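Trainee: I'd like a close look at one part of this model, the place where aromatic rings gather and helices meet. Could you walk me through it slowly, and then show me how a few spots elsewhere compare in their setting?

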Amino acid sequence: MSDVRIQIYTDGACSGNPGPGGWGALLIVEDKRKELSGGEAETTNNRMELLAAIRGLEALKRSSAVDLFTDSKYVRDGIVKWIENWKKNGWRNASKKPVKNADLWRQLDTVNQQHQVRWHWVKAHNGHPENERADALANEGMAQYR
């Protein structure tokens, strides 16, 4: 692994919840930028937030040091605070109910373990250029399903 840290900015969007949705990821490695986006016809905002992080990490070709920025406390808290207990409890939450979006949480857990990820939360729609670009990508991903 090189000394270079990769920055990934992610965002999800949904029109209606559920409804058409999109995800976006902006990857930055030194002076190079790569933009990814996609969407689904019927989904939720939380699923799109998770998918943005998954797709961003999956795009990395080798194990990497990553700073991943999300405006979703659900994603950040889930991967940093809650996921280990969910796994111990058979993918049940503290209320003994099945974890919502467990399929995507499992995918995120797998890809997260392939890298050294520091998870960061940023305030949404606060003028942060890279977060705003990730938001625009998520909306582009959603546009084809509206």
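Mentor: Happy to. Let's begin with one tryptophan: Trp86 has a relative accessibility of 9%, so it counts as buried, being under the 20% cut-off. Keep in mind that this is a predicted model, and everything below is read from that model.

Who sits beside Trp86? Its ring pairs with the ring of Trp82. The two centres are 5.9 Å apart and the planes make an angle of 50°, which puts this pair in the tilted class. Both residues belong to helix α2, and they are four residues apart, or about one turn of the helix. Trp82 has a relative accessibility of 34%, so this tryptophan counts as partly exposed.

If you wonder about those two numbers, a pair of aromatic rings is described by the distance of the centres and the angle of the planes.

Now zoom out a little. There are five aromatic pairs in the structure. In one of them, Tyr74 and Trp105, the ring centres are 5.3 Å apart and the planes stand at 70°, so we call the pair edge-to-face. Here the partners come from separate helices: Tyr74 is in α2 (residues 73–88) and Trp105 is in α3 (residues 102–112), so the pair ties together parts that are 31 residues apart in sequence. Tyr74 and Trp105 are both buried.

Put the rings together and you get one aromatic cluster, formed by Tyr74, Trp82, Trp86, Trp91 and Trp105. While you are looking at this end of α2, which ring does Lys73 lie over? Lys73 is over the face of Trp121, 4.5 Å from the ring centre.

Next, the two helices themselves. Two packed helices are described by the angle between their axes and the distance between the axes. For α2 and α3, the axes come within 11 Å and cross at roughly 95°. That angle makes α2 roughly perpendicular to α3.

Which residues do the meeting? On the α2 side they are Tyr74, Val75, Gly78, Ile79, Ile83, Trp86 and Lys87, and on the α3 side Trp105, Leu108, Asp109 and Asn112. Sorted by class, this contact has seven nonpolar, two polar and two charged residues. You'll spot some friends in that list: Tyr74, Trp86 and Trp105 take part in the contact, and Tyr74, Trp86 and Trp105 are also members of the aromatic cluster.

Asp109 deserves a moment of its own. It lies in helix α3, and with a relative accessibility of 10% Asp109 counts as buried. Setting aside residues up to four places away in sequence, Asp109 touches Ile79, Ile83 and Lys87.

Let's use Lys87 as a stepping stone to another spot. Gly24 is 63 residues from Lys87 in sequence, and their C-alpha atoms are 27 Å apart in space. Gly24 lies in strand β2, and at 0% relative accessibility Gly24 counts as buried. Not counting neighbours within four places in sequence, Gly24 is in contact with Tyr9, Thr10, Asp11, Leu36, Ser37, Ala52, Ala134, Leu137 and Ala138.

One of those contacts, Leu36, takes us on to Ala59, because Ala59 touches Leu27 and Leu36 when residues up to four places away in sequence are left out. Ala59 lies in the loop between α1 (45–58) and β4 (65–70), and it is partly exposed, with a relative accessible area of 22%. Its C-alpha is 9.5 Å from that of Lys34, although Ala59 and Lys34 are 25 residues apart in sequence.

Last, a few backbone spots in the loops. Most residues other than glycine have a negative phi, and most peptide bonds are trans. With that in mind, look at the bond joining Asn17 and Pro18: it is a cis peptide bond, with omega about 20°. Pro18 sits in the loop between β1 (5–14) and β2 (19–29).

Glu30 has a positive phi, near 50°. This residue is in the loop between β2 and β3 (32–43) and is exposed, with a relative accessible area of 60%. His125 also has a positive phi near 50°. You'll find His125 in the loop between β5 (116–121) and α4 (129–143), where it is exposed at a relative accessible area of 57%.

Notes:
Residues are numbered from 1 along each chain as its sequence is written. This is a predicted model: local features need pLDDT of at least 70, side-chain atom pairs count only at pLDDT 80 or more; totals for chains, interfaces and linings use all residues. Side-chain values use heavy atoms; hydrogens and water are left out. Rings of Phe, Tyr and Trp (its six-membered ring) pair if their centres lie within 6.5 Å; planes under 30 degrees apart count as stacked, over 60 as edge-to-face and the rest as tilted. Helices (H or I, at least four residues) and strands (E, at least two) are DSSP runs, numbered from the N terminus. Buried means under 20% relative accessible area, exposed over 50%, partly exposed in between (1.4 Å probe, protein chains only). A charge sits over a ring if NZ of Lys or CZ of Arg is within 6 Å of the ring centre and within 35 degrees of the ring normal. Axes are lines fitted to C-alpha atoms, for helices over the stretch in contact, and angles run from 0 to 180 degrees between N-to-C directions. Angles under 35 degrees count as roughly parallel, over 145 as roughly antiparallel, 65 to 115 as roughly perpendicular and the rest as oblique. Contact means heavy atoms within 4.5 Å. Ala, Val, Leu, Ile, Met, Phe, Trp, Tyr, Cys and Pro count as nonpolar, Asp, Glu, Lys and Arg as charged, and the others, Gly among them, as polar.
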